[in-house]
Amino acid sequence: MARHLARWIAAVAGLFVLAVPASPAVAQGAAENRVVIQVSDADSAKWNLALNNARNLQTDLGARSVDIEIVAYGPGIGMLKADSVVGNRVGEALGAGVKVVACENTMRGQKLAKADMLDGIGYVNSGVVEIMRRQQERWTYLRP
């Protein structure tokens with residue numbers, strides 16, 4: 001009888017383990033820390049602050065311990081134009097593993113093409129939707 005009870009407990013425990021989904025970070029193999037940074041101002045000081053935030057996060061937490069995504073939209077799209085005053089710094093951030101994306105809705109509104117933008121950046125249809133989705137995925141939200 002004890003052996004049957006032990007088998008039943010093991011079977012029920014196995015079902016419970018199968019029914020509990022892994023956390024998104026575990027399921028996707030993501031870093032322990034995830035941060036999305038909003039850039040929506042036409043202000044080079046704020047662009048530099050966002051880039052400083054990203055660098056400081058990587059320095060303090062370790063670059064492999066944090067996923068960082070900078071999302072630029074609205075007036076902040078200037079940060080990602082080919083002639084951006086922070087273009088070199090954006091390139092450094094990309095080289096350090098920071099994901100940097102431009103809002104295609106803003107680009108259409110400002111009649112910008114991908115050829116007008118910095119090399120190496122990514123694109124999302126809607127910057128605000130990207131930020132919303134990241135927050136739903138429990139990313140930490142920063143707006144310098």
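**Notes on the sheet, its helices and two buried residues**

1. In this predicted model, I 70 is a good place to begin reading the sheet, since I70 stands opposite V100 in strand 3. The strands concerned are strand 2, covering residues 66–72, and strand 3, covering residues 99–103, which run parallel and are joined by 4 bridges.2. Looking at the sheet as a whole, one finds an open sheet of 5 strands in the order 4-3-2-1-5, with parallel pairing. Strand 4 (122–124) and strand 5 (140–142) are the edge strands, each of which pairs on one side only. From one strand to the next, the twist averages 30°.

3. Two helices can then be placed against these strands. Helix 3, which spans residues 44–61, lies across strand 1 (33–39), strand 2 and strand 5, and runs at about 175° to strand 2. Helix 6 lies across strand 1, strand 2, strand 3, strand 4 and strand 5, and its direction makes an angle of about 155° with strand 2.

4. Within helix 6, which is formed by residues 127–136, the student may wish to look at E130. Is E130 buried or exposed? Its relative accessible area is 12%, and E130 therefore counts as buried, the cut-off for that word being under 20%. Leaving aside residues up to four places away in sequence, E130 touches E69, V71 and V124. The C-alpha atoms of E130 and C103 are separated by 8.8 Å, although these two residues are 27 residues apart along the chain.

5. S126 belongs to the loop between strand 4 and helix 6. With a relative accessible area of 13%, S126 is also described as buried, because the value falls under the 20% limit. When residues up to four places away in sequence are not counted, S126 touches C103 and N105. A polar atom of the S126 side chain lies 3.3 Å from the backbone nitrogen of V129.

6. The aromatic rings deserve a separate look. How many aromatic pairs does the structure hold? The count is 0, but rings do take part in another kind of arrangement, in which a charged end sits over a ring: that of K114 is placed over the ring of Y123, 4.6 Å from its centre. The charged end of R134 likewise sits over the ring of W139, at 4.3 Å from the centre of that ring.

How values were computed
Residues are numbered from 1 along each chain as its sequence is written. This is a predicted model: local features need pLDDT of at least 70, side-chain atom pairs count only at pLDDT 80 or more; totals for chains, interfaces and linings use all residues. Side-chain values use heavy atoms; hydrogens and water are left out. Rings of Phe, Tyr and Trp (its six-membered ring) pair if their centres lie within 6.5 Å; planes under 30 degrees apart count as stacked, over 60 as edge-to-face and the rest as tilted. A charge sits over a ring if NZ of Lys or CZ of Arg is within 6 Å of the ring centre and within 35 degrees of the ring normal. Buried means under 20% relative accessible area, exposed over 50%, partly exposed in between (1.4 Å probe, protein chains only). Contact means heavy atoms within 4.5 Å. Two strands pair if DSSP finds at least two bridges between them. Axes are lines fitted to C-alpha atoms, for helices over the stretch in contact, and angles run from 0 to 180 degrees between N-to-C directions. A polar contact is a pair of N or O atoms within 3.5 Å; within protein, one must be able to donate a hydrogen and the other to accept it, and residues adjacent in sequence count only if both atoms are side-chain atoms.
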